[in-house]
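Student: I would like to go through the strands and helices of this model, one pairing at a time. Where should we begin?

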Amino acid sequence: MITGPIKNLIREFRKLPGVGEKTAMRLAMHVLGAPRQNAKALADALIEVKEKIRPCSACFSMTEGDICEICASPRRNRALICVVEDQAGLMSVENSGTFFGLYHVLWGRLSPIDGIGPEDIKVGELVKRVAAGGVEEVILATNPSVDGEATALYIKKALSPQGVRVTRIARGIPVGGDLEYADALTLGRALEGRSPY
Ligand SMILES: [Zn+2]
């Protein structure tokens with residue numbers, strides 16, 4: 001019978017993505033057997049990331065300052081905005097090495113089943129950003145899942161009064177797949193092969 005602090009630890013590990021009961025148990029047992037300083041380093045790293053890292057005030061990607069490195073860089077094309085669902089999506093596009101514009105991180109996707117509506121993700125902020133001017137193209141790089149497609153369609157409609165060019169990354173990514181798991185070459189091609197949406 002597992003109770004008290006160990007049970008709490010297992011419960012917290014279970015909240016992590018991709019961690020089931022068995023893995024949570026194994027991680028908890030690992031922490032129990034590890035030196036105290038290792039556990040403290042892990043706890044400190046968790047707290048530090050929450051205290052120091054916050055969303056960029058322009059694109060909402062996670063950063064240490066007010067503006068992220070990408071938004072601050074003079075080498076990025078400010079007329080291009082690539083819309084991704086989360087930080088993992090941003091990293092995938094960035095790692096493809098084929099995109100030199102700016103990003104907009106939605107922090108989620110529309111999902112009526114889960115009760116996630118437009119006000120729960122950073123869509124309004126994107127519309128405002130485009131309305132502020134200077135943006136020529138918005139590339140929709142939400143995941144090729146049902147929710148990702150619905151989100152892309154919603155954004156296209158929300159942006160249509162502004163007359164900005166809206167494109168969607170090509171179908172190189174398997175349907176139902178996740179940007180995070182697409183290899184850099186496939187994603188690079190999907191970006192280059194984007195078409196009007
Ligand atoms: Zn930024």
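Tutor: Two strands count as paired if DSSP finds at least two bridges between them. Note also that the model is predicted.

Student: How many bridges join strand S3 to strand S5, and in what sense do they run?
Tutor: Strand S3 covers residues 77-84 and strand S5 covers residues 137-140. One bridge partnership sets cysteine 82 against isoleucine 139 in S5. The two strands run parallel, and the number of bridges joining them is four.

Student: Which residue of S6 is the bridge partner of isoleucine 139?
Tutor: S5 is joined to S6 by four bridges, and these strands run parallel. Within S6, isoleucine 139 has as its bridge partner threonine 167.

Student: Which residue in S7 stands opposite threonine 167?
Tutor: Strand S6, residues 165-168, pairs with S7 over two bridges in the antiparallel sense. In S7, the residue opposite threonine 167 is proline 196.

Student: In what order do the five strands of the open sheet lie?
Tutor: The pairing in this sheet is mixed: S3 and S5 run parallel, whereas S6 and S7 pair in the antiparallel sense. The order of the strands is S4-S3-S5-S6-S7.

Student: Why is one side of some strands left without a neighbour in the sheet, and which strands are they?
Tutor: The sheet is open, with its strands in the order S4-S3-S5-S6-S7. A strand at an edge has a single partner strand, so one side of it lacks a neighbour in the sheet. The strands at the edges are S4 (101-105) and S7 (195-196).

Student: Are helices H1 and H2 parallel or oblique to each other?
Tutor: The axes of H1 (residues 4-14) and H2 (residues 21-33) come within 8 Å and cross at roughly 130°. Angles over 145 degrees would count as roughly antiparallel and 65 to 115 as roughly perpendicular. H1 and H2 are therefore oblique.

Student: How many nonpolar residues does the contact of H1 with H2 have?
Tutor: From H1 come Ile6, Leu9, Ile10, Phe13 and Arg14, which meet Glu21, Ala24, Met25, Leu27, Ala28 and Val31 in H2. The contact has no polar residues and two charged ones, and its number of nonpolar residues is nine.

Student: How does the contact of H6 with H7 divide into nonpolar, polar and charged residues?
Tutor: H6 (residues 123-131) and H7 (residues 146-159) pack at about 35° with their axes 10 Å apart. H6 contributes Val123, Leu126, Val127 and Val130, while H7 contributes Tyr154, Ile155, Ala158 and Leu159. The division is no polar, no charged and eight nonpolar.

Student: What is the orientation of H5 and H8 to each other?
Tutor: H5 (residues 87-96) and H8 (residues 184-192) pack with their axes 8 Å apart, at an angle of about 90°. Angles of 65 to 115 degrees count as roughly perpendicular. H5 and H8 are therefore roughly perpendicular.

Student: How many polar residues does the contact of H5 with H8 have?
Tutor: Ser92, Val93, Asn95 and Ser96 in H5 meet Ala184, Leu187, Gly188 and Leu191 in H8. The contact holds four nonpolar residues and no charged ones, and its number of polar residues is four.

Student: How far apart do the C-alpha centres of domain 1 and domain 2 lie?
Tutor: Domain 1 spans 4-52 and domain 2 spans 55-196. The distance between their C-alpha centres is 32 Å.

Note on methods: Residues are numbered from 1 along each chain as its sequence is written. This is a predicted model: local features need pLDDT of at least 70, side-chain atom pairs count only at pLDDT 80 or more; totals for chains, interfaces and linings use all residues. Domain bounds come from an automatic or database domain assignment. Axes are lines fitted to C-alpha atoms, for helices over the stretch in contact, and angles run from 0 to 180 degrees between N-to-C directions. Angles under 35 degrees count as roughly parallel, over 145 as roughly antiparallel, 65 to 115 as roughly perpendicular and the rest as oblique. Two residues are in contact if their C-beta atoms, placed from the backbone, lie within 7 Å. Ala, Val, Leu, Ile, Met, Phe, Trp, Tyr, Cys and Pro count as nonpolar, Asp, Glu, Lys and Arg as charged, and the others, Gly among them, as polar.
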